[in-house]
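Open the model in your viewer and keep the sequence panel beside it, since this tour moves from the whole chain to a few selections inside it.

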Amino acid sequence: MTDDNCIFCKIAQGKIPSRKVYEDDELLAFHDINPWAPIHFLIIPKRHIVSMAHVDEGDAALLGRLMTLVPRLAQQEGCRPYPEGGFRLVTNTGADGGQEVKHLHFHVIGGPRPWVKG
């Protein structure tokens, strides 16, 4: 399932170029075009899921895989190991949550502080 009007679906389909961090059959990670920190990439499911408010029990395995991928990719991209280093994981849901793109996505943000945001 994809949404022809969704920018992240277009990136997942290769219709819009991205600087890929990781890709498999279900997930794509790519660098943010407006990074807040020295390390800032997004992880998305390739299948169009609007937001965390649209996740159900059938998505548990996919989200579990995504969550276990986060620390490996964070370190691969340059985040220092825990506990001295680390990273921030952010997902926004709906208008009140600050969601701008209506496709579930997780920001992985790290590197030396201070950061532009947060």
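Begin with the whole chain: for its 118 residues a compact globule would have a radius of gyration near 13 Å, and the chain has 14 Å, which agrees (the radius is taken over C-alpha atoms, and the globule rule is 2.2 Å times the number of residues to the power 0.38). This is a predicted model, in which local features need pLDDT of at least 70 and side-chain atom pairs count only at pLDDT 80 or more, while totals for chains, interfaces and linings use all residues. Residues are numbered from 1 along each chain as its sequence is written, and side-chain values use heavy atoms, with hydrogens and water left out.

Next, switch to a cartoon view and follow the chain from the N terminus, where the elements run α-β-β-β-α-β-β; helices (H or I, at least four residues) and strands (E, at least two) are DSSP runs, numbered from the N terminus.

Now select Ala29, Phe41, Ile43, Leu66, Leu73 and Val108, which have the most contacts inside the largest nonpolar core, a set of 18 residues. Such a core consists of buried Ala, Val, Leu, Ile, Met, Phe, Trp, Tyr and Cys residues joined through side-chain atoms within 4.5 Å, where buried means under 20% relative accessible area with a 1.4 Å probe, protein chains only. Colour helix H2 (60-76), because H2 gives the most to this core, with 7 residues.

Then centre on Phe41, whose contacts (heavy atoms within 4.5 Å), leaving aside neighbours within four places in sequence, include Val21, Leu73 and Phe106.

Finally, select Ile11, Phe30, Leu42 and Ile44, which are among the 9 residues of another core, lying apart from the largest one.

Conventions. Buried < 20%, exposed > 50% of the residue type's maximum accessible area, 1.4 Å probe, protein only.
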